[in-house]
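Trainee: I'd like a close look at the packed interior of this protein, with the aromatic rings as the way in. Please take me through it slowly, and then show me what lies around it.

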Amino acid sequence: MDALKPAYAGQPAAARALRRWKTHRAYALGNAGRDAEELALRKELAVENPRDCDVQIDYARELFIRKDTDAGLAWLKDRLAAGGWTATEDEQLRLQYATALENESRYADLAAFLAEWVKRHPETDAAYARHL
């Protein structure tokens with residue numbers, strides 16, 4: 001896979017080919033049991049692509065999988081605080097945050113998070129449905 005990097009890197013930036021290569025490499029590293037390298041690459045992707053909601057969620061999920069929930073929540077909270085997301089992206093980030101709290105049985109934190117989310121008057125019913 002590493003031998004293909006120059007071919008991806010040589011593509012126009014708009015093609016986002018190097019991002020795709022790194023994403024594929026991260027999956028390969030994970031499948032090979034090279035978890036620390038996978039996590040480092042996912043963080044690199046997230047830092048390099050701060051406006052890409054998918055890579056932000058991928059990195060946070062990897063932290064959650066590794067039971068580093070506080071780091072994953074902090075990452076998502078920081079991304080949300082940065083603002084500038086579309087309504088859909090904002091919802092995706094918030095849903096990931098809420099799911100992590102729920103998975104950790106942090107119900108008081110989840111209730112507080114959902115209450116704050118509802119105050120934002122989101123366009124879809126996701127926050128309202130979970131808040132019930």
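Mentor: Let's settle one word before we begin: a residue is called buried when its relative accessible area is under 20%, exposed when it is over 50%, and partly exposed in between. Please also keep in mind that this is a predicted model.

First, the setting. The protein chain has eight helices and zero strands, so its pattern along the sequence is simply α-α-α-α-α-α-α-α. Of its 132 residues, 39% count as buried. Among contacts with a separation of 6 or more, 40% join residues 24 or more positions apart.

Now to the rings. The structure holds three aromatic pairs. Start with Y59 and W75, which meet edge-to-face, with 4.8 Å from centre to centre and 80° between the planes. This pair ties together distant parts of the chain, since Y59 belongs to helix α4 and W75 to helix α5, 16 residues apart. Y59 counts as buried because its relative accessible area is 7%. W75, at 13%, is buried because that value also falls under the 20% limit.

Compare that with the pair made by F113 and W117, which is tilted: the centres are 6.0 Å apart and the planes make an angle of 50°. Here the partners share one helix, α7, where they sit four residues apart, about one turn of the helix. F113 and W117 are both buried. Y97 joins them too, as ring pairs link Y97, F113 and W117 into a cluster.

From the rings we can step out to the cores. In soluble globular proteins, nonpolar side chains tend to be buried together. In this model the largest nonpolar core has 20 residues, and L93 and F113 are the ones with the most contacts inside it. Helices α4 (53-65), α5 (69-82), α6, α7 (107-119) and α8 (126-131) each give two or more residues to this core. L93 is a good residue to click on: leaving aside neighbours within four places in sequence, its contacts are C53, Q56, I57, L76, L80 and W85. There is also a second, separate core of five residues, which includes L39, A46, Y59 and W75. The edge-to-face pair you met at the start, Y59 and W75, is therefore found in this second core, where Y59 is buried at 7%.

The loops are worth a visit next. N49 lies in the loop between α3 (35-48) and α4. N49 is buried because its relative accessible area is 19%, which is under the limit of 20%. Beyond the residues up to four places away in sequence, N49 touches R19, V55 and Q56. Q56 is also on the contact list of L93.

R66 sits in the next loop on our tour, the one between α4 and α5. With a relative accessible area of 26%, R66 is partly exposed. Not counting residues up to four places away, R66 touches D35, E38 and L39. The C-alpha atoms of R66 and D35 are separated by 9.1 Å, although the two residues are 31 apart along the chain. L39 is one of the residues in the second core.

Two other loop residues stand out by their backbone. Most residues other than glycine have a negative phi, and most peptide bonds are trans. S105, in the loop between α6 and α7, has a positive phi near 60°. S105 is partly exposed, at 47%. H121, in the loop between α7 and α8, has a positive phi as well, near 55°. H121 counts as exposed because its relative accessible area is 63%.

H121 brings us to the last stop, the largest pocket, whose space is about 190 Å³. Its lining consists of A87, T88, D90, E91, R94, W117, R120, H121, P122, E123 and T124. Helix α6 (residues 87-103) supplies the largest share, five residues. By class, the lining has three nonpolar, three polar and five charged residues. Do look at W117 once more: this residue lines the pocket, pairs with F113 and is buried.

Definitions and conventions: Residues are numbered from 1 along each chain as its sequence is written. This is a predicted model: local features need pLDDT of at least 70, side-chain atom pairs count only at pLDDT 80 or more; totals for chains, interfaces and linings use all residues. Side-chain values use heavy atoms; hydrogens and water are left out. On a 1 Å grid over the protein atoms alone, a cavity is a set of points where a 1.4 Å probe fits but cannot get out, and a pocket is an open set with protein on both sides within 12 Å along at least five of seven lines; lining residues have an atom within 4 Å of a point. Grid points are joined across faces, edges and corners, and a volume is the space filled by probe spheres set on the points. Ala, Val, Leu, Ile, Met, Phe, Trp, Tyr, Cys and Pro count as nonpolar, Asp, Glu, Lys and Arg as charged, and the others, Gly among them, as polar. A nonpolar core is a set of buried Ala, Val, Leu, Ile, Met, Phe, Trp, Tyr and Cys residues joined through side-chain atoms within 4.5 Å. Buried means under 20% relative accessible area, exposed over 50%, partly exposed in between (1.4 Å probe, protein chains only). Contact means heavy atoms within 4.5 Å. Rings of Phe, Tyr and Trp (its six-membered ring) pair if their centres lie within 6.5 Å; planes under 30 degrees apart count as stacked, over 60 as edge-to-face and the rest as tilted.
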